[in-house]
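Trainee: I should like to learn how to read the features of a structural model in an orderly way. Where might we begin?

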Amino acid sequence: MYRCMNMKSVLSAAVMAFAAMVSPAISGSGMPPAPEDVVKIDVLPGWRDAQGHHIAALRIRLAEGWKTYWRAPGEAGIPPSLNWQGSGNLAAVQFHWPVPEVFRSGGMQTIGYVHELVLPMTLVPKTVGKPIALTGKVNLGVCLDVCMPMDATISINLPAQGSGTKAPIKQALRQRPDTAQEAGLRRAECKVEPTKDGLRVTVGIDMPRLGPNEVVVVETADPSVWVSTRQAKRQGGALTTVADLVPSSGKPFLLNRSDLRLTVLSSGRGVDIRGCTGG
């Protein structure tokens, strides 16, 4: 159990061994690592902005060498799940993900963070000027030589006159990806064709080179759709990739291109592209 000093919050974490494709992690005592030795989770309470929204952050601190994952974790990562149902005076939550790192190991690519993740959140209250009782469940994966899913329960009261530490949250907000306009995007096209178990999307992004070894991540509005993205290539001035989208039904489905989210990553930088046109 983790307790945040000077905040009425309680966080608890329970760990289950994740055996698929990994070997057991063993500490110096010959036992699997304890949760509190791997990760500590708390909430940075933040402040209220001029619109009456509350700016806070989920902070995940990791032991040396361990990593956790971005919202689209890659081929072998564990996707995070953040659920704030049961919160009081909370109408909506928007997450502001910092640019992640791309890891390559054993021929597989994963996307995430090492050492620490400060994930800023904009919390919209139902009633402006009243406290927010933030209650939720955080499910995430952490990996070293072994991967383990972590389950944490969070409960914290965020007063309307919030005046918590701002520096870590503001720093994380500055680490956001560039918008398409900021990156000089000229065009983003998506050609969609059916496959036997879903859709294939051929993506063309016309924008200045971000850096070496550019990675393109394709996301849909439905997180249950499995996405497999091939290695991106530069052809002339355009960055191209192909993504296979497989829904739980295992059949072709209707796709609104405006709902696709394309993220380009390279050298600690990112570009967030919302939607694409027909190719």
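Mentor: We begin with a cut-off: a residue is called buried when its relative accessible area is under 20% and exposed when that area is over 50%. Please keep in mind that this is a predicted model.

Trainee: How is that cut-off applied to Cys143, and does the residue count as buried or exposed?

Mentor: Cys143 has 1% relative accessibility, and therefore counts as buried. Cys147 is at 10% relative accessibility, so it too counts as buried.

Trainee: What joins Cys143 to Cys147?

Mentor: The general idea is that a disulfide is a covalent bond between the sulfur atoms of two cysteines. Here a disulfide joins Cys143 to Cys147, with an S to S distance of 2.0 Å. The angle about the S-S bond is 115°, and the link is right-handed.

Trainee: How many disulfides does the structure hold?

Mentor: There are two. Another joins Cys190 to Cys276, with S to S 2.0 Å. That link of Cys190 and Cys276 is left-handed, with -110° about the S-S bond. The pair connects distant parts of the chain, 86 residues apart: Cys190 belongs to strand 14 (residues 187-195), while Cys276 sits in the loop between strand 21 (269-274) and strand 22 (277-278). Cys190 has a relative accessible area of 0% and is therefore buried; Cys276, at 11%, is buried as well. When the bonded cysteines are numbered in sequence order, the pairing reads 1-2, 3-4.

Trainee: Let us turn to the interior. Which residues have the most contacts inside the largest nonpolar core?

Mentor: The general expectation is that, in soluble globular proteins, nonpolar side chains tend to be buried together. In this model the largest nonpolar core has 36 residues, and those with the most contacts inside it are Ile41, Leu58, Ile60, Leu123, Leu134, Val142 and Ile154. Among the elements that give two or more residues to this core are strand 3 (39-48), strand 4 (54-62), strand 10 (116-124), strand 11 (132-143) and strand 16 (215-219). Strand 12 supplies the largest share, six residues. A second, separate core has 23 residues, including Ala183, Cys190, Val203 and Leu260. Cys190 thus appears in this second core and also in a disulfide with Cys276.

Trainee: How many cavities of 30 Å³ or more does the structure hold?

Mentor: It holds one. The volume of the largest cavity is about 50 Å³. Its lining consists of Leu58, Ile60, Thr68, Tyr69, Pro80, Leu82, Trp97, Leu117, Leu119, Val138 and Leu140. Strand 4, strand 5, strand 10 and strand 11 are the elements that each give two or more residues to this lining. By class, the lining has 10 nonpolar residues, one polar residue and no charged residues. Leu58 and Ile60 line the cavity, and they are also among the residues with the most contacts inside the largest core.

Trainee: What polar contacts should I note, for instance between the side chains of Thr122 and His96?

Mentor: Thr122 is placed in strand 10, and at 11% relative accessibility it counts as buried. Its side chain and that of His96 are joined by a polar contact of 2.7 Å. Thr263 offers another case, in strand 20 (residues 261-266). It is buried at 2% relative accessibility, and a polar contact of 3.5 Å joins the side chains of Thr263 and Arg71.

Trainee: And the backbone: which sign does phi have at Asn89, positive or negative?

Mentor: Most residues other than glycine have a negative phi. Asn89 is not a glycine, yet its phi is positive, about 60°. It lies in the loop between strand 6 (81-83) and strand 7 (92-95), and at 17% relative accessibility it counts as buried. His115 likewise has a positive phi, of about 70°, and is placed in the loop between strand 9 and strand 10. At 59% relative accessibility, His115 counts as exposed.

Trainee: Finally, how far apart in space are Gly52 and Thr127?

Mentor: They are 9.1 Å apart, C-alpha to C-alpha, and 75 residues apart in sequence. Gly52 is found in the loop between strand 3 and strand 4; with a relative accessible area of 9%, it is buried.

Conventions:
Residues are numbered from 1 along each chain as its sequence is written. This is a predicted model: local features need pLDDT of at least 70, side-chain atom pairs count only at pLDDT 80 or more; totals for chains, interfaces and linings use all residues. Side-chain values use heavy atoms; hydrogens and water are left out. A nonpolar core is a set of buried Ala, Val, Leu, Ile, Met, Phe, Trp, Tyr and Cys residues joined through side-chain atoms within 4.5 Å. Buried means under 20% relative accessible area, exposed over 50%, partly exposed in between (1.4 Å probe, protein chains only). Helices (H or I, at least four residues) and strands (E, at least two) are DSSP runs, numbered from the N terminus. On a 1 Å grid over the protein atoms alone, a cavity is a set of points where a 1.4 Å probe fits but cannot get out, and a pocket is an open set with protein on both sides within 12 Å along at least five of seven lines; lining residues have an atom within 4 Å of a point. Grid points are joined across faces, edges and corners, and a volume is the space filled by probe spheres set on the points. Ala, Val, Leu, Ile, Met, Phe, Trp, Tyr, Cys and Pro count as nonpolar, Asp, Glu, Lys and Arg as charged, and the others, Gly among them, as polar. A disulfide is a pair of cysteine sulfur atoms within 2.5 Å. A polar contact is a pair of N or O atoms within 3.5 Å; within protein, one must be able to donate a hydrogen and the other to accept it, and residues adjacent in sequence count only if both atoms are side-chain atoms.
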